[in-house]
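Good morning, colleagues, and thank you for coming. I should like to guide you through a structure that is new to this group.

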Amino acid sequence: MRRPSVIIPAELAGRQYDLLAIPTTTPGVVGGNTQYTDFASAVVTGPIKLAQRWAVIMLTARGSMGFHLQDAGSDLLPELQNGGANTEADVQAIFQYANEQVRQQLAIEDAGGKYPADEIFDNAELLEVDAQPGYLAIHVKITSAAGNTAEIQLPVTLTPSVI
Amino acid sequence: MTFNLTSLDQLSEADVQQAHDEISQLLQEKYPELDLRRGVLHDIVAFLAGGVCGAISQHMIREALTASSLSELLTSSADVPADRVDRLLANYNLQRRQGTAARGYVTVVVTKPDPVVVLKDTTFTVASLQFTATSAVTATTTPNSTQSLLLSRGNNRWEFNVPVTAVAAGVIGNVAVDTPFTISPQPANVVSAYANGDFFGGRDEETNEELLERQQLGLAKPGTSSPSHIIAKLQQNTDISDAGLYSIIGFGDPEMTRDSHGLLPISRGGKVDVYCRTSPTPQTQLILKQCTVIQHTNGIPLWQCELSREETAGVYFVQAIRNVSPDRILHGRNSITLQRTPQLLPQDTARHDIETAVEAYGSAFQSLVVQFTSPDFGDQLPAVGSTRDFYLSLWQLPYIASLQQWIDAPENRHPSGDILIKAGVPCRVIISCTGTSRQDYSEATLTVISETIAARINQLPFTSTLYASLVSDVLQAELPHARIDYIDMHGSIAGPLQDIVIRQDGQALRIPSLPASGITAKTTMFVAAAADINLSLVRA
């Protein structure tokens with residue numbers, strides 16, 4: 001079987017990458033170790049990969065994956081969508097609680113010691129909350145253990161989706 | 001046949017995790033540059049596409065394996081869709097018996113001797129059960145060849161019979177004799193309608209458990225050599241209501257007498273008696289017979305009639321004589337004299353060797369001479385030789401004639417053997433249970449329990465012993481707040497030569513071994529009616 005024609009720059013050799021699913025506000029650096037775009041698809045490593053992982057856990061409703069991943073995720077979306085946030089301070093509090101949940105899960109994953117320092121989580125900082133009717137844009141900065149940062153915008157629809 | 005997954009909740013966590021781990025491992029080996037431990041690839045590809053979808057595949061594979069595994073079906077047959085069981089057992093040449101509709105005759109009583117017409121598909125109803133007339137019936141007092149007789153019952157009442165069939169299949173349609181019906185549309189002058197005899201032929205569709213049980217019994221190749229082969233052969237007959245139970249008597253068995261006819265009483269083999277339980281219980285059938293006065297005894301006429309073998313297949317005895325006009329029971333069984341003789345036609349003698357009443361008992365080759373007295377003759381003593389119609393109430397096991405005919409067919413019969421189908425000798429069981437209870441139970445509840453006990457007894461194969469534990473098992477399950485102090489059982493065996501009453505021996509009722517009389521554990525079956533099981537509970 002022919003492998004997909006994704007051209008990986010030489011500086012990414014030896015690193016493991018993920019697919020880009022949540023674009024960050026940090027510009028992609030072609031050829032750098034943060035983001036590489038190959039026409040229709042993109043792969044990520046480094047702090048952007050870390051930020052994406054953090055966002056994936058943050059935006060996964062805890063318990064929704066089920067099975068052996070029953071405990072994966074955070075309570076951010078359920079809390080916001082259940083009307084738990086009336087003020088920005090409420091959003092801050094919910095964010096901090098959810099961030100702590102994510103931190104614990106990432107700490108367990110990072111404990112294996114197999115990740116480079118720029119993919120190990122250190123901190124997440126809530127930079128801004130932009131409230132629109134039925135919608136929140138939460139702007140977050142993720143810092144890795146190596147000190148790199150990546151900024152990411154969490155799109156939060158306040159009306160629960162029905163699947 | 002389809003395999004369905006109606007909810008992801010049906011998946012096991014172990015399956016999902018295993019499939020997740022497997023796809024992660026495989027992808028990692030093939031593409032070491034992918035990070036499958038966390039992130040989008042982990043969540044979307046490895047977990048959803050690999051773990052969940054892989055577990056779905058595993059679930060379907062397990063379903064398919066279960067559907068194709070006899071041992072798996074035997075342990076979980078109740079949960080398996082019928083079509084899967086059907087598909088697998090078709091490999092064993094077994095087909096599920098479909099439900100069949102009960103049939104019988106309804107006697108309609110009218111107040112005038114005017115001709116009555118009952119149209120085909122006229123509805124006869126009892127409780128919520130519906131039956132329809134199988135054919136149109138025109139009844140008159142002077143019928144031609146296409147009409148039915150409108151028979152006088154006296155007291156300005158006339159009656160005629162209508163053949164009916166249940167609308168829905170099921171054993172529930174096997175209603176008992178004398179069950180009242182309503183008719184729609186109702187013909188003029190009708191005052192009542194009732195079952196002329198026990199209805200029969202109603203059968204529920206075979207369940208997975210019953211079909212699998214039949215498969216286990218039927219693993220032997222159908223044939224006419226060994227007992228298991230003969231039973232497997234008989235199981236192929238799809239006319240039998242319910243799964244028939246059989247007991248095979250052959251060469252060397254003390255019950256077998258037919259293979260030692262001749263100058264020297266030496267068993268020569270080649271004869272097989274098949275005692276059958278073709279229905280859970282024997283049934284009551286009414287037939288109208290013209291009887292003749294053969295003599296006068298103390299000023300009372302002695303009536304006699306003869307029942308040919310076409311009328312007596314599987315018949316045990318005449319349990320009552322019923323007067324037609326006026327309608328009432330004249331005699332119970334004890335005052336009816338029976339003479340049973342083998343009746344073989346010339347073409348039968350090459351296939352079957354039956355010489356005695358014991359040998360012919362319960363088969364399709366017996367005839368009965370019935371005698372009884374009747375003081376109910378009005379002002380004038382009927383002369384010797386005069387005739388009159390009576391209803392005879394027969395107690396019999398169904399399907400004996402059809403089963404005999406089937407096994408005698410050229411494609412089924414043993415080329416050099418003589419297989420005789422016989423109704424199992426009935427041992428009617430009467431049970432009394434006494435106990436104390438901390439709770440009141442309704443009469444309806446106790447009736448249901450009696451029916452449950454009767455059903456359990458009527459499912460027993462031919463066996464030597466009925467244990468009281470069978471009864472106590474049901475009672476303990478159904479009456480958790482009661483303590484059963486005593487169970488009394490006795491049985492009445494309607495043997496070929498005489499009736500024998502057996503009493504409880506310890507905690508069991510045991511069939512005596514009287515092979516010369518045709519009564520042994522291999523010929524006799526326990527029969528119970530709910531009405532004969534009495535439960536008495538005293539409030540503690």
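Let me begin with a pair of helices in chain B. Ile449(B), Thr452(B), Ile453(B), Arg456(B) and Ile457(B) in H10(B) are in contact with Leu470(B), Val471(B), Asp473(B), Val474(B), Leu475(B) and Glu478(B) in H11(B). Sorted by class, the residues in this contact of H10(B) with H11(B) are seven nonpolar, one polar and three charged. To locate the two helices, H10 of chain B covers residues 443-458 and H11 of chain B covers residues 468-478. Their axes come within 10 Å and cross at roughly 145 degrees. The crossing in which H10(B) passes H11(B) is right-handed.

Before going further, I should state that this is a predicted model.

Let me now set out the two chains. Chain B has 540 residues, and buried residues make up 47% of them. Its secondary structure consists of 11 helices and 26 strands. Among the contacts in chain B with a separation of 6 or more, 73% join residues 24 or more positions apart. The accessible surface of chain B is about 25,300 Å², and carbon and sulfur atoms account for 52% of that surface.

Chain A has 163 residues, of which 44% count as buried. It contains three helices and six strands, and from the N terminus on their order is β-β-β-α-α-α-β-β-β. For chain A, 51% of the contacts with a separation of 6 or more are between residues 24 or more positions apart. Its accessible surface comes to about 8,300 Å², with 54% belonging to carbon and sulfur atoms.

I return to chain B and to two further helices. Which residues of helix H9, residues 400-408, are buried? They are Ile400(B), Leu403(B), Gln404(B), Ile407(B) and Asp408(B). Because these residues cover an arc of only 130 degrees around the axis, they are on the same side of H9(B). The elements of chain B against which they pack are helix H6 (227-235) and the strands S11 (245-249), S12 (271-277) and S20 (418-423).

Helix H4 of chain B, residues 82-89, may be described in a similar manner. Its buried residues are Arg84(B), Val85(B), Leu88(B) and Leu89(B). Seen down the axis of H4(B), they fall within an arc of 125 degrees and therefore line one face of the helix.

Next, I turn to individual positions in the loops of chain B. Gly314(B) is situated in the loop between helix H7 (309-312) and strand S15 (315-323). Is Gly314(B) buried or exposed? Its relative accessible area is 0%, so Gly314(B) is buried. Leaving aside residues up to four places away in sequence, Gly314(B) touches Gly362(B), Ser363(B), Gln366(B), Trp395(B), Gln396(B), Leu397(B), Ile400(B) and Ala423(B). One of these, Ile400(B), is also among the buried residues of H9(B). In addition, the C-alpha atoms of Gly314(B) and Leu394(B) are 9.7 Å apart in space, while the two residues are 80 residues apart in sequence.

Asn156(B) provides another loop position, between strand S7 (151-154) and strand S8 (157-166) of chain B. With a relative accessibility of 56%, Asn156(B) counts as exposed. Residues up to four places away in sequence aside, Asn156(B) touches Val110(B) and Thr111(B). Pro113(B) is 43 residues from Asn156(B) along the chain, and their C-alpha atoms are separated by 8.4 Å.

Finally, I should like to consider the backbone. Most residues other than glycine have a negative phi, and most peptide bonds are trans. Where does chain B depart from this pattern? Asp121(B), which is not a glycine, has a positive phi of about 75 degrees. Asp121(B) lies in the loop between strand S2 (116-118) and strand S3 (123-126), and its relative accessible area of 46% makes it partly exposed. Ala127(B), also not a glycine, has a positive phi of about 50 degrees. Its place is the loop between S3 and strand S4 (129-133) of chain B, and at 75% relative accessibility Ala127(B) counts as exposed. As for the peptide bonds, the one from Ser184(B) to Pro185(B) is cis, with omega near -5 degrees. Pro185(B) is found in the loop between strand S9 (182-184) and strand S10 (190-195) of chain B.

Thank you for your attention.

Technical notes. Residues are numbered from 1 along each chain as its sequence is written. Chains are lettered from A and ligands numbered from 1 in the order in which they are written. This is a predicted model: local features need pLDDT of at least 70, side-chain atom pairs count only at pLDDT 80 or more; totals for chains, interfaces and linings use all residues. Side-chain values use heavy atoms; hydrogens and water are left out. Buried means under 20% relative accessible area, exposed over 50%, partly exposed in between (1.4 Å probe, protein chains only). Helices (H or I, at least four residues) and strands (E, at least two) are DSSP runs, numbered from the N terminus. The arc is that of the directions from the helix axis to the C-beta atoms. Contact means heavy atoms within 4.5 Å. Axes are lines fitted to C-alpha atoms, for helices over the stretch in contact, and angles run from 0 to 180 degrees between N-to-C directions. A crossing is left-handed if the near helix is turned anticlockwise from the far one by less than a right angle, and right-handed if clockwise. Ala, Val, Leu, Ile, Met, Phe, Trp, Tyr, Cys and Pro count as nonpolar, Asp, Glu, Lys and Arg as charged, and the others, Gly among them, as polar. Accessible areas come from the Shrake-Rupley method with a 1.4 Å probe; for residues, only the protein chains shown count as cover.
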